[in-house]
Each structure stands twice: as structure tokens, then as C-alpha cells.
Amino acid sequence: MISQNIKSKLAGGSAIRKMFEEGNRLKALYGAENVFDFSIGNPDLEPPREVSEALRELADNPTPGMHGYMSNSGYESTRAAIAAKRSAESGLEINAGAVCMTVGAASGLNDILHSLLDTDDEVIVLAPFFMEYSNYIANHNGKTIIVDTGDDFMPDIDAISKAITPKTKAIIINSPNNPSGVIYGEEVLSSLNTMLKNQDHVIHVISDEPYIDLVYDGLTVPAALKYIDNLIICFSWSKSLSLPGERIGYTLVSPKNEDYEDLTAAIVLSNRILGSVNAPAIWQKVVERSLNAKVDVANYEYRRNLLYDNIIDAGFDAIKPSGALYIFMKTPEGLTDAEFSAICAKQNLLLVPGASFSRPGFCRLAFCVSEQTIRGSRRAFYAVAEELGLTARKEQ
Ligand SMILES: Cc1ncc(COP(=O)(O)O)c(C=O)c1O
């Protein structure tokens, strides 16, 4: 018999998955070109040239043992290259020992949480947030403490401070953010650090950074390493190099972290005992050779603009995302997110209600879908707006 724990999770299901299945059902009924499915954030750009070149080179020039077991933290040369890159961006002296190669960010986050949490320890997350955080925290018997961000989706330092208890072990931040697309500025990071350093016990900041390279409008993401001391970074190439199926990422403990020695050792052990053992060997070599490459970010920016214009022109409201792959649009007044998404579904327009990110009043749309889908959806947005009596800001 399966555990009660997993049984209750199976019964809960995932709103995004359900939406995905609904999308497939509608596509079979009406044809794919008439369904505007913005529910799943699957990066759809091809990886950059550096990735296929590295793969070819590795296949053509095999070295003895290249498919063998290795240190649980990964290849020294890959970790040293990452450490050098992060040193250059932060001005800190970071060495390979700070880095542990992981099976994507999902595994990195689990390694970090396993390393930090005793039963009932608390982890603060900032709503809206990537819903898997609660599962990952529960995996290690921790408790998720949800703190709302402000209207601009920026961390509210006072609210975070009020949520801290003697059991608070960590806070997870995610910038650029899934689902809001906002980037946390230097001042926010500094004040978070100051507030946390004034507490009477160490509280780690876990910076989940899978979208750090997907940034628009010429903006840059402030390096958390510069502003936060008790920092643990979790990075993944799922989005930067469009490799979500290959499962490759890393964790990095800041040299300023008060628990540096214990944490670096604990994360490597967690990587082993949680079952990853080590990150995929070939992909470590590939990312080492592609460290400064990224997908065609301008292409995502172009599609962000198209989708954002559809939403705004039709008469809806949304904060324009500065990064990541999503627009978190406001649910029109007087409707619940479920009611609004049901009205959208009548026009074959699929989006994810904000409850899935613990932030009702909004719905998420992923813009990593074809340009044709985004262009085709314009009439659906106008049809929904008309049904709701909204005034369009521009001609359809
Ligand atoms: C905020 C955030 N963190 C972590 C992940 C997991 O990424 P990975 O594919 O590297 O496990 C995702 C995936 O969408 C995400 O959006």
C-alpha cells in the first residue's frame, strides 16, 4: 500500500497539469491553431550552437572513464569554471569547493533543504511563488511559511521580519520571478540582508536563479552574492540553455556564509543520499564549455511584448515582466480566478489561476509558445474582454 503522504498528494494533482490535459482535449476538438494554451512554461527555443558543438566534440573525442562514477559534487574543472564566473560577477573569492553540480534546480533545492531542515523547521517563501517549493520543503519535514509580496510583487521586508520565529531556517527568493517576472533590486536585497543579520540566529537565503539569464529591456539582475551574506544559490541551465530535459544545474554556497564548511559538505552528501549521486557527466562537460552562452533572449522578449500588448490592448491589466517566461495578469474585478479562467476557456484561452502560486487575484500566462499562438490569441482576449464589458485600449 502506498503512503498516506503520497496518497494525499496524488489526490491533490496539479492545476497546471490539468490545464495541460484540457489543452490537449481542446486541440483534438478544435485544431491546435484554434487553442491558445499559455498554461505550461516549457522553454521552446533550441539550445545555442555551443551546446551541440560541445556534444559533438565530446562524442568524437571520448576519454577513458568519461561515463564513470565521479565525486558526488561533480567534476572539479566544471565547478572551478563556475566558481571563476561567479567570482568575477561578485568580486568575492569563490573556489570550486563552494559548488555542487546537481540534477537541475529541483534537485539542487532538495539538496539544500535536506541539508538545512530538521522536523518542523520553517522556510519562508514569498507569494506568488513556484508551487513546487512547498513539496520540496515537505520532503524534508519542514513547514512552508507564506509571506505575501507587495502590489509590485517585491519582498515586503517588514512582513518577512514579522514571520520569523526561532524555527525559521531559511527564506527562498526567486528573481527574476516565476510567475510575476519581477527582478529584485539591490536595495531590496540589501535590506533583506540587514534585517536577517539582525535576528538572533542564522537564517539562510536560498536564491533560486533559473531565470537569471532571461532578462529583457537591457536590464541586469543584481548578483545576490554581492548583497546577501548567508546565501546559497541554486542555478539551472533548464532555461538559460533550454535544457530542461537534460537535468543539469548547481548549488553554490557563498564564502561569506556563516555555515560555509558544514553546508558545502552537507549539500554534497545530500546530493548522494537523495539519489542523484552526481549530476549527468556529459552535461557537466557541455555546460563547462558553454558557460557564457545563452538562448536567443531577444526572441523571448519579442513574444513577451506581443502577448503583453494583447492583454493590455484588450483592456486587461498586468505588470510588464522584466524577466522569466510569464505574465501574471490581474483577474478583472468582481471575478474569482477560477471564474475568469473558465470564461477564458470558452474562447480556448488557457491560463493558470493565481491560487497555484498562492496569490489569488491573478492568472499566469507562459509566453514560451509559438508566435502564431500569441497572434491568434488576440481575438480571444478581445472576445473575453467584450463578454466582461471591459473597454479596449486599442483596436483589435
Ligand atoms: C522558479 C523555479 N525554480 C525551479 C525550477 C525547476 O527547474 P529545473 O528544471 O532546473 O529543475 C523551476 C522550473 O520551472 C522554476 O520555475
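Let's walk through two helix pairs and a ligand site in this predicted model.

We can start with helix H5, which covers residues 104-116, and helix H11, which covers residues 260-273. Their axes lie 8 Å apart and meet at an angle of about 120°. Angles over 145 degrees would count as roughly antiparallel and 65 to 115 as roughly perpendicular, so H5 is described as oblique to H11. If you follow one helix past the other, the crossing is right-handed.

Which residues of H5 meet H11? On the H5 side they are Ser107, Asp111, Ile112, His114, Ser115 and Leu116. Their partners in H11 are Leu263, Ala266, Ile267, Ser270, Asn271 and Ile273. Sorted by class, this contact between H5 and H11 has six nonpolar residues, five polar ones and one charged one.

Now look for the ligand, which has 14 residues around it. The closest are Asp208, Tyr211, Ser236, Lys239 and Arg247. Lys239 also has a polar side-chain atom 2.7 Å from an oxygen atom of the ligand. In the side chain of Asn178, an N or O atom is 2.8 Å from a ligand oxygen. Ala106 takes part through its backbone instead: a polar backbone atom there is 2.9 Å from an oxygen atom of the ligand.

Our last stop is the pair formed by helix H4 (residues 76-90) and helix H12 (residues 281-289). These two pack at about 35°, with 9 Å between their axes, and their crossing is left-handed. Ser77, Thr78 and Ala81 of H4 touch H12 through Gln284, Lys285, Val287 and Glu288. In this contact, two residues are nonpolar, three are polar and two are charged.

Terms used:
Residues are numbered from 1 along each chain as its sequence is written. This is a predicted model: local features need pLDDT of at least 70, side-chain atom pairs count only at pLDDT 80 or more; totals for chains, interfaces and linings use all residues. Side-chain values use heavy atoms; hydrogens and water are left out. Axes are lines fitted to C-alpha atoms, for helices over the stretch in contact, and angles run from 0 to 180 degrees between N-to-C directions. Helices (H or I, at least four residues) and strands (E, at least two) are DSSP runs, numbered from the N terminus. Angles under 35 degrees count as roughly parallel, over 145 as roughly antiparallel, 65 to 115 as roughly perpendicular and the rest as oblique. A crossing is left-handed if the near helix is turned anticlockwise from the far one by less than a right angle, and right-handed if clockwise. Contact means heavy atoms within 4.5 Å. Ala, Val, Leu, Ile, Met, Phe, Trp, Tyr, Cys and Pro count as nonpolar, Asp, Glu, Lys and Arg as charged, and the others, Gly among them, as polar. A residue is near a molecule or strand if one of its heavy atoms lies within 4 Å of it. A polar contact is a pair of N or O atoms within 3.5 Å; within protein, one must be able to donate a hydrogen and the other to accept it, and residues adjacent in sequence count only if both atoms are side-chain atoms.
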